[in-house]
Amino acid sequence: MDELDILKKDWHKEKPEHKKLSTQDIYPMLHKKSSSIVKTLFYISIAELVFWIIISIIPYFTSNSYKKQLDSVYTNDYVFGALTAFSYAIILLFIYLLFKSHKAISVTDNAKKLMESIIKTRKVIKYYVIYNLAMAFISMVLGTYFAIVHNPELSNTIAHFSDKQKLIAFAIVTGFTAVFVFVIWLFYKLLYGLLLKRLNRNYKELKKLEV
Amino acid sequence: MNKELKHNFVELLETHQNIIHKVCRLYTNNYDAHNDLFQEITIQLWKAYPKFRGDAKFSTWMYRVGLNTAITLYRKSKRTIDTQDFEGVAFKISAEAYDDTEEQQLKILYKAVHQLNDIEKALVFLYLEDKNYSEISETMGISEVNARVKMNRIKTKLKTILNP
């Protein structure tokens with residue numbers, strides 16, 4: 001006889017070590033908090049949105065001179081205005097995409113479909129992070145460039161640099177920015193890697209059945 | 001309305017609770033973890049219940065939510081211990097050896113099943129629940145042929161675990 005058929009005979013028996021719960025035992029369970037990865041993922045995506053929005057507005061509120069500088073740039077420079085409008089549009093787009101993909105996660109789908117919807121949500125967050133990191137990188141490099149151009153003292157100093165020194169200064173700024181972006185990227189890799197390790201493994205196992 | 005919904009749900013769950021216990025039996029191996037997973041499955045069932053329509057059997061619907069929670073949604077809470085390490089189990093199996101008593105045999109079988117991966121456990125679960133391959137394929141989202149092939153492989157794997 002097959003091993004599983006031996007097991008089948010015992011399978012439906014209630015086990016004494018897990019007492020049968022009464023309705024009174026079940027009621028309080030409905031009010032407990034879920035610890036599912038979908039919930040965690042949801043909180044992460046909210047935190048992600050809030051974090052990057054705060055990062056982009058903090059300088060505006062903390063430094064008066066920066067505020068003044070920005071205000072003058074915005075009123076005088078249409079490019080900056082358009083860029084800001086664009087970045088808010090992107091945030092709105094991501095909020096919409098996140099909402100949609102979270103809505104699509106249904107525990108009553110089949111196992112594979114459920115995993116796919118979660119992976120899709122994770123991808124939306126991933127693209128949002130990539131977008132923000134790219135923007136952070138570009139604005140740090142551009143910001144440094146503009147600071148040099150618009151600050152007479154600084155540009156004066158730079159003007160006295162030899163070509164080699166200029167190159168070194170440029171390399172330092174770019175290198176520093178790249179390391180910053182890389183560290184944040186690593187952090188995300190670790191975060192999602194830990195959270196979705198089991199899901200990825202199980203999804204791979206299911207996919208393997210198809211080949 | 002909400003009170004009535006809750007009442008109906010709790011009554012149904014109480015009647016069919018053994019299904020959840022059986023899922024927990026496969027996916028956990030200690031008392032705390034069992035209760036923890038039971039709790040999570042109950043929450044997921046309750047959250048999905050308003051969308052449950054009578055056209056599916058409550059028990060069939062429970063299989064889906066229960067397995068999906070165990071395989072995909074559930075995050076082991078900190079207080080529960082991770083599954084036993086493979087070598088420890090293997091050692092115990094060989095030390096106990098095959099005993100004629102049924103209880104002993106079942107114990108070894110359960111231990112062997114615990115060594116399967118999450119997906120394999122899900123197929124074993126549905127098989128033990130007497131589900132046919134069409135239902136297994138629907139629940140897992142794989143083709144019927146693949147479900148059949150995988151089931152045969154699992155049986156072979158179990159044999160290898162039991163008789164290394």
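**A guided look at chains A and B**

Visitor: Which residue's backbone oxygen lies 2.6 Å from a polar atom of the side chain of B:Thr28?
Guide: Happy to start there, keeping in mind that this is a predicted model. B:Thr28 sits in the loop between helix H1 (2-27) and helix H2 (31-48) of chain B. The backbone oxygen at that 2.6 Å distance from its side chain belongs to B:Cys24.

Visitor: Is B:Thr28 buried or exposed?
Guide: Leaving out residues up to four places away in sequence, B:Thr28 touches B:Ala33, B:His34, B:Leu37 and B:His114. B:His114 is 86 residues away in sequence, yet the two C-alpha atoms are 8.2 Å apart. The relative accessible area of B:Thr28 is 9%, and the cut-off is under 20%, so B:Thr28 counts as buried.

Visitor: Which side chain makes a polar contact with the side chain of B:Asp118?
Guide: B:Asp118 belongs to helix H6 of chain B and, at 10% relative accessibility, is buried. Beyond its neighbours within four places in sequence, its contacts include B:Tyr27 and B:Ile71 in chain B, and A:Arg201 and A:Asn202 in chain A. The side-chain partner, at 2.8 Å, is A:Arg198.

Visitor: What is phi of B:Asp130 near, in degrees?
Guide: Most residues other than glycine have a negative phi. B:Asp130 goes the other way with a positive value. B:Asp130 lies in the loop between helix H6 (118-128) and helix H7 (133-140) of chain B, and its relative accessible area of 52% makes it exposed. Its phi is near 65 degrees.

Visitor: About how much area do chain B and chain A bury between them?
Guide: The size of an interface is often given as the accessible area lost when the parts come together. Here 65 residues of chain B are in contact with 51 residues of chain A. Carbon and sulfur atoms account for 60% of the buried area, and the total is about 5500 Å².

Visitor: Which residue of chain B forms a salt bridge with A:Glu205?
Guide: The interface of chain B and chain A holds 5 salt bridges, along with 31 residue pairs in polar contact, both at pLDDT 80 or more. In the one you ask about, the closest N and O atoms are 2.8 Å apart, and the partner of A:Glu205 is B:Lys150.

Visitor: How far apart are the end C-alpha atoms of helix H6 of chain A?
Guide: At the N-terminal end of this helix, A:Asn110 acts as a cap, with a side-chain oxygen 3.1 Å from the backbone nitrogen of A:Lys112. The helix has 40 residues, so at 1.5 Å a residue the expected span is 58 Å. The distance between the end C-alpha atoms agrees, at 58 Å.

Technical notes
Residues numbered from 1 in each chain as written. Chains lettered and ligands numbered in written order. Predicted model: local features only at pLDDT ≥ 70, side-chain atom pairs only at ≥ 80, totals over all residues. Heavy atoms only, no water. Helix = DSSP H or I, 4+ residues; strand = E, 2+ residues; numbered from the N terminus. Expected span 1.5 Å × (residues − 1). Polar contact = N/O pair within 3.5 Å; in protein donor to acceptor, adjacent residues only side chain to side chain. Buried < 20%, exposed > 50% of the residue type's maximum accessible area, 1.4 Å probe, protein only. Contact = heavy atoms within 4.5 Å. Buried area = accessible area lost by both parts, 1.4 Å probe. Salt bridge = Lys/Arg side-chain N within 4 Å of Asp/Glu carboxyl O.
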